[in-house]
Amino acid sequence: MDGWTDTWWQLTALANAVILAAYLAISFAIGRGLWRSRQWRNNPLGLATASIFFSCAVHHGSHTVHLLMPYFGGDMHAGMAMRMAFGMDFQAAGWDTVTALLAVWYWTLRGRFPALVRGAAVFEDLRLRQAAEATLRASEERFREIVETTSEGVVVLDGDGRIGYANERFAGMVGRPAPDLPGTPVLELVVAADRPAAVQALSEVGASGATRIEVGMQAQSGRAVWARIALTARVGDAGDPVGALAMVADVTEQKSIEAQLHQAQKLEAVGQLAGGLAHDFNNLLTVIDGYAALLIAEADEATVSDLVMIRDASSRASALTRQLLTFSRAQTARPQVVDVAELVAGVEVLLRRLIREDVDLIVTSAAGPTPVRVDPGQLEQVLVNLAINARDAMPDGGTLAIATDRVDGETGDQVLITVTDTGCGMTAEVADRVFEPFFTTKGPGGGTGLGLSTVYGIVTRAGGQVRLASRPGEGATFEVFLPAAEVPAEAVGEPAAPQRLTAGTGTILLVEDDPAVRRLSERILTTAGYQVLVGVDGENALEVARAHAGIDLLLTDVIMPGMNGQELADRLTALRPGLPVIFTSAYTRGVLTDDLSAAFLDKPFTAAALTEKVRSVLDSRAAVGSRG
């Protein structure tokens, strides 16, 4: 062989060696990529590619060995055979040289384009990434579906407290379109009074990880929404807080129910206090009126006039205690079927005296009957209180209109009393509180704050309801709905109480813990001709009863320390069956259990009313005895 030919074979051997090194490097690079990405088990394409490059490297390696064998003492004939296989036109040597140069160029690009080196692994990475992205999209769709259908508001907040995302539920709470909420500071949606608490909660959630808060949120329509918010910190890749996730529940209705319960508990507590005060006050009024009545019978004309003024004052004070008792639902009601239109007509004269001359009273009655079952005295009090309230709302005069009608209401056949004035009206805040006890907008001495609360108590106790419509400067309209009765109305009113003592005979056991009322009652009954045995409480009364066989009637207070009037009556009637009993009280507190329509005397009572009641009960017993 000549020198030129040997040079070409040497170049061919060198080219094959370069291809060997490049293919080995490429196959090892792909294998390393598969190993590091942990795809060597589930990436057959990558394994095949690495294997192809490795097999090509082995093939070119064998070429290199055979081409160089003659120069290193190898088998000359085998080397010549290999050279003959490549041809003698030097085509193979040129092609191997070009392939080697391309392999070197391919390898030099590995830094800029790693995919050229580990192509199959990258392709598999892409496929897996696409599958992961598809899974992620499906997960996001499920998450979005959950978020958009949940009953709670979901809000994503950034580190500055701005809304990044809000679902439709939250948007509905605050009355704004969901697309308009991103970028809005969440504090703008919180009512001003609760913003300091909201600011503190947002600052705490980053440190504690989670917190809860209840705040008022201002809807765009002006409606206030009470929201219970659970805040959870959002953490970034570095572990630092990047905002918060807020789960918002609308608890407006629950808060309203809680407020109503709280109000009911407050009313009950105030009612018990009012009832207790009325009980003690009525004892005093009984004494004042009773002694004034006794003195009238012995006084001269000038003194009688003064005593009458005392009794008038006592009567007005008694009306106030009736309001207290009605409000506390402690006064014994005596319902009967009455015609509302007739009752309004009967009280019209009284109403005209109550209102001023610059207030026009217009009464419009229903065409047909308007029967309801109610205590007529309490219904009159409703009308009086509403009229006084209307009068005070028209300091410069106006019109007071009272109308009765029969309507088909929410609960069936109802009788409607409408009281309308042209006064100053009231704001929504005042209208929400007018039925609260002791709430008044009048100045000192202008009112007790019990008028409308008494109206509310009477009407609701009768199974009805009261509605109010009013605006500042537009007057007020009160609508009183009462269930219509199914039976004809009875005659309204009671016979006038006699002004003279009703005489009688018999022995009466008087039990009263208040010394002044006890002395007064004993004097009235003694003056009327009765023999009176006195007990200061229940136990003492039992001792007195054991010492006296002939007792014709028990007259006892209901509320007493220790044994109450009902317990005393039960024990005495067990010992003496048929013993008639009269209970007296202004506040029974639910102690009485029997039907006492004919054996109960309200406090404060007059001397005439006391003797009339005693005589009536004794006559009823005598009548029963004569029939027996």
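A residue counts as buried when its relative accessible area is under 20%, as exposed when that area is over 50%, and as partly exposed in between. Keep that handy while you work through this predicted model.

**Exercise 1. Get an overview of the protein.**

Task: find how many helices and strands there are, and what share of the residues is buried.

Solution. Start with the secondary structure: the protein has 18 helices and 17 strands. Next, look at burial: of the 628 residues, 41% are buried. Finally, check the contacts. Taking those between residues at least 6 apart in sequence, 65% join residues at least 24 apart.

**Exercise 2. Sort out the aromatic rings.**

Task: classify the ring pairs around phenylalanine 435 and say where the partners sit.

Solution. Step one: the structure holds two aromatic pairs. Step two: take phenylalanine 435 with tyrosine 456. Their ring centres are 5.6 Å apart and their planes are at 35 degrees; planes under 30 degrees apart would be stacked and over 60 edge-to-face, so this pair is tilted. Phenylalanine 435 is in the loop between α13 (428-431) and α14 (451-461), while tyrosine 456 is in helix α14, so the pair ties together parts 21 residues apart in sequence.

Step three: now pair phenylalanine 435 with phenylalanine 478. Here you get 6.3 Å centre to centre and 80 degrees between the planes, an edge-to-face pair. Phenylalanine 478 belongs to strand β12 (residues 476-483), and this pair links distant parts of the chain, 43 residues apart.

Step four: put it together. Phe435, Tyr456 and Phe478 are linked into a cluster by ring pairs.

Step five: check burial. Both phenylalanine 435 and phenylalanine 478 are buried. Tyrosine 456 has 36% relative accessibility, so it counts as partly exposed.

**Exercise 3. Compare two helix packings.**

Task: decide which label, roughly parallel or oblique, fits α11 with α12, and which fits α16 with α17.

Solution. Two packed helices are described by the angle between their axes and the distance between the axes. Begin with α11 (residues 340-354) and α12 (residues 376-392): the angle is about 45 degrees and the axes are 10 Å apart. Roughly parallel needs an angle under 35 degrees, and roughly perpendicular starts at 65. That is why α11 and α12 are oblique to each other. Their crossing is right-handed. Residues making the contact include Val340, Leu343 and Val347 of α11, and Leu379, Leu383 and Arg391 of α12. By class, the contact has 13 nonpolar residues, no polar ones and two charged ones.

Now do α16 (residues 538-547) and α17 (residues 565-575). Their axes come within 10 Å and cross at roughly 20 degrees, which makes α16 roughly parallel to α17. This crossing is right-handed too. Among the residues that meet are Leu542 and Ala545 in α16, and Leu568 and Leu572 in α17. The contact of α16 with α17 has five nonpolar, one polar and three charged residues.

**Exercise 4. Place leucine 610 and look at a nearby bond.**

Task: say whether leucine 610 is buried or exposed, and which residues it touches.

Solution. First, locate leucine 610: helix α18. Its relative accessible area is 1%, so leucine 610 is buried. Leaving out residues up to four places away in sequence, leucine 610 touches Ser521, Ile524, Leu525, Leu555, Leu601 and Phe605. Threonine 584 is 26 residues from leucine 610 in sequence, and their C-alpha atoms are 9.5 Å apart.

Last, the bond. Lysine 603 and proline 604 are joined by a cis peptide bond, with omega about 0 degrees. Proline 604 sits in the loop between β17 (600-602) and α18 (607-627).

Definitions and conventions. Residues are numbered from 1 along each chain as its sequence is written. This is a predicted model: local features need pLDDT of at least 70, side-chain atom pairs count only at pLDDT 80 or more; totals for chains, interfaces and linings use all residues. Side-chain values use heavy atoms; hydrogens and water are left out. Axes are lines fitted to C-alpha atoms, for helices over the stretch in contact, and angles run from 0 to 180 degrees between N-to-C directions. Helices (H or I, at least four residues) and strands (E, at least two) are DSSP runs, numbered from the N terminus. Angles under 35 degrees count as roughly parallel, over 145 as roughly antiparallel, 65 to 115 as roughly perpendicular and the rest as oblique. A crossing is left-handed if the near helix is turned anticlockwise from the far one by less than a right angle, and right-handed if clockwise. Contact means heavy atoms within 4.5 Å. Ala, Val, Leu, Ile, Met, Phe, Trp, Tyr, Cys and Pro count as nonpolar, Asp, Glu, Lys and Arg as charged, and the others, Gly among them, as polar. Rings of Phe, Tyr and Trp (its six-membered ring) pair if their centres lie within 6.5 Å; planes under 30 degrees apart count as stacked, over 60 as edge-to-face and the rest as tilted. Buried means under 20% relative accessible area, exposed over 50%, partly exposed in between (1.4 Å probe, protein chains only).
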